[in-house]
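Reader: I want to see how the labels for this structure are earned. Please take me through a few of them.

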Amino acid sequence: MTAPATDDHLAEALAAGVRRWDEMGWPRPAAMLVSGSGLAVDLDAARGPVPLQELLPFAAHPIAGHPHELELLQPLPARPVLYQRGRLHPYQGYTPDETVFPIRLGALLGAKVLLMTNAAGGLRPDLRPGDLVLIRDQINLSGLNPLRGQLPEGWGPRFPDMSAAYDPALRALAHRRAEALGLAVGEGVYAGVAGPCYETPAEVRMLRALGGDVTGMSTVLEVIAARQMGMRVLVLSLVSNPAAGVQETPLDHEEVLAAAAHAHDAIRHLLTALLRDPELL
């Protein structure tokens with residue numbers, strides 16, 4: 001029997017994305033930043049924005065709070081950063097490979113560190129809208145995995161270790177920068193679910209029993225792909241709302257965007273400090 005063929009279409013599409021990046025004349029990034037729902041912050045861009053669609057081999061579907069743009073940041077002279085404003089979600093109809101396509105592209109362009117933000121529901125009663133939480137671990141309950149199939153061997157191990165998927169040293173650095181800025185930042189476990197509906201009160205009780213502190217519909221697939229390709233990962237969650245059953249009022253996406261807008265300055269200051277920190281890379 002012959003071995004299954006590598007997913008040549010995916011590899012070719014990513015190679016085309018790398019060529020398109022170089023054609024734009026942008027320097028290869030040392031790090032990558034991805035912003036979540038309503039969390040696209042105004043950072044000083046050296047290049048861009050350009051539509052994310054220009055580097056995708058499939059159609060990008062619009063969603064509130066996700067501009068789907070790429071910028072090149074230059075927080076330090078020798079540190080170009082690829083900034084993806086808005087992410088892709090499986091619940092929009094993307095396959096796992098499509099969902100993590102920008103992450104794989106960033107890794108192939110040379111980014112060694114992946115910073116991400118997301119908006120999440122607070123599973124613990126002590127978490128309030130506007131709280132910031134650094135993710136230390138994840139539970140993938142989406143039923144999806146971007147490593148299924150026959151991926152190129154050069155992308156990383158077939159069975160990547162996920163015991164320290166969220167880099168402890170980067171997390172410690174983020175705590176130091178947050179403290180210097182006077183920001184209160186906690187830690188927690190991110191429970192990734194499929195969405196797009198919010199969880200029921202019974203499901204929230206289950207997520208808490210499994211060890212989740214915050215929950216959302218993104219991030220887990222991106223972290224798996226990033227770790228397979230050797231990227232160090234740091235994720236900052238904004239608690240945008242208490243999860244179902246933690247409060248009496250119904251959940252609403254507009255509430256998520258409002259919480260993100262309120263926390264805009266704090267997130268921008270922390271991200272700027274991290275991107276400029278010599279210890280990031």
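**Reasons behind the labels**

Author: The model is predicted. Start with threonine 219, in the loop between β8 (214-216) and α6 (220-228).

Reader: Why does threonine 219 count as buried?

Author: Buried means under 20% relative accessible area. Threonine 219 has 0% relative accessibility, so threonine 219 is buried. Leaving aside neighbours within four places in sequence, threonine 219 is in contact with Arg87, Met116, Asn118, Gln138, Tyr166, Tyr190 and Val235.

Reader: What makes the pairing of the side chains of threonine 219 and serine 218 a polar contact?

Author: The cut-off for an N or O pair is 3.5 Å. The two side chains make their polar contact at 3.0 Å.

Reader: Why are α4 and α8 called oblique to each other?

Author: The axes of α4 (residues 168-180) and α8 (residues 264-276) cross at roughly 125°. Angles of 65 to 115 degrees count as roughly perpendicular, and those over 145 as roughly antiparallel. The crossing angle fits neither class, so α4 and α8 are oblique. The axes come within 10 Å, and the crossing is right-handed.

Reader: Which residues meet there?

Author: Leu173, Ala174, Arg177 and Ala178 in α4 meet Leu270, Ala273 and Leu274 in α8. Six residues of this contact are nonpolar, none is polar and one is charged.

Reader: What makes helix α3 mostly covered?

Author: Eight of the nine residues in α3 (residues 101-109) are buried. Among them are Phe101, Ile103, Arg104 and Leu109. The buried residues pack against α1 (8-23), β1 (31-35), β4 (79-85), α2 (96-99), β5 (113-122) and α6. Just after α3, glycine 110 takes a positive phi of about 120°.

Conventions. Residues are numbered from 1 along each chain as its sequence is written. This is a predicted model: local features need pLDDT of at least 70, side-chain atom pairs count only at pLDDT 80 or more; totals for chains, interfaces and linings use all residues. Side-chain values use heavy atoms; hydrogens and water are left out. Axes are lines fitted to C-alpha atoms, for helices over the stretch in contact, and angles run from 0 to 180 degrees between N-to-C directions. Helices (H or I, at least four residues) and strands (E, at least two) are DSSP runs, numbered from the N terminus. Angles under 35 degrees count as roughly parallel, over 145 as roughly antiparallel, 65 to 115 as roughly perpendicular and the rest as oblique. A crossing is left-handed if the near helix is turned anticlockwise from the far one by less than a right angle, and right-handed if clockwise. Contact means heavy atoms within 4.5 Å. Ala, Val, Leu, Ile, Met, Phe, Trp, Tyr, Cys and Pro count as nonpolar, Asp, Glu, Lys and Arg as charged, and the others, Gly among them, as polar. Buried means under 20% relative accessible area, exposed over 50%, partly exposed in between (1.4 Å probe, protein chains only). A polar contact is a pair of N or O atoms within 3.5 Å; within protein, one must be able to donate a hydrogen and the other to accept it, and residues adjacent in sequence count only if both atoms are side-chain atoms.
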